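This report describes one protein model. Please look through the sequence and structure before reading on.

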Amino acid sequence: MAKKTTSTKGKVTARKPPPVRRMRMFKPITFYERRDDPAALLVEIYHEMGRLGVQDHELLEYHRDVLRNVGSWLSEHPGEAYAKLTNWLHLDLERVAERFDRDRTSKPQIELYAEITKKRNLTVRWYPRGWHEGILDLTKRPKNPFNLIEQYRFPEPSDFAWFEGDEPATFQGRASNELMFIRGVGSLDPQPEKQYGQYATYNFDVFSANLLGLVCAAHNALIEQLSCAFDVTVIDRFEVETRPEIDEADPFTSSFPTDRPVSWKIVSTDPPRIGKSGDVVPFSPRGQ
């Protein structure tokens, strides 16, 4: 393309045409085969970025946040919150031993909650079993104000003699019972786009779908790991819905379509509770 020229007071200057943006097209990564292996999904996502020459700073902010946070979680987990969970000194050892004498397969019982916060971040926290049915008893006089077990009345005695958590987030750290925190998950929109606009540099809908599969795989891996040592009741679970998709450039997908995530949701396994006004009130961990 020839350079355009402009004249200003007898001076002739050359003006280059604006650079043509190159659209990089990510391939959807099948979710089903790696739904419990976030490390493999993370490697494949970075492999796709390398193939297309896409660097971190070129990604949308929430894409960059999700990618970095999952990578950090994989490298740092298990962290301080997991260490506190597995501190056996916090258990009611007599109660756990009594149940173990009756059933040799029994484990300490906990509940797990996943939630998308108001800032569209994913938080996953653990609580002693029965926490969502517990009632804050203001008549109790706890020996230690930091021990929430002494402040609640449970439908059945808890396996834990000590529990603290849901502390407000600060620059020094987050809640001591938070096992996973990933920024930007609620902003991921994997719905297929017909056109991307003139300023798009990559197909962000497919990249969102790949990241959703990554987040869900990390969440599933956490539950599987916890189940090795605890009897886990998942009250609120992070899940993705997938659809089969065929890539015309990949003949293999005509026989084995890619399971592409198209939406996310928080699935509650607990029946809804009725509030004082008669409205259904979903449980939400304290301190959100």
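Which residue just after H1 takes a positive phi? Gly53 does, with a phi of about 75 degrees.

## Basis of the report

The model is predicted, so local features need pLDDT of at least 70 and side-chain atom pairs count only at pLDDT 80 or more, while totals for chains, interfaces and linings use all residues. Residues are numbered from 1 along each chain as its sequence is written, and side-chain values use heavy atoms, with hydrogens and water left out.

## Helix H1

Helix H1 covers residues 38–52; helices here are DSSP runs of H or I with at least four residues, strands are runs of E with at least two, and both are numbered from the N terminus. Its 15 residues should span 21 Å at 1.5 Å a residue (1.5 Å times one less than the number of residues), which agrees with the 21 Å between its end C-alpha atoms.

Among the buried residues of H1 (under 20% relative accessible area, 1.4 Å probe, protein chains only) are Leu41, Leu42 and Ile45. The buried residues fall within an arc of 120 degrees seen down the axis, so they line one face of the helix; the arc is that of the directions from the helix axis to the C-beta atoms. They pack against H2 and helix H5 (204–226). On the other side, Val43, His47 and Gly50 are exposed (over 50%).

## Glu239

Glu239 is found in strand E8, residues 231–245. Its relative accessibility is 27%, so it counts as partly exposed (between the 20% and 50% limits). Leaving aside neighbours within four places in sequence, Glu239 is in contact (heavy atoms within 4.5 Å) with residues including Cys216 and Trp264.
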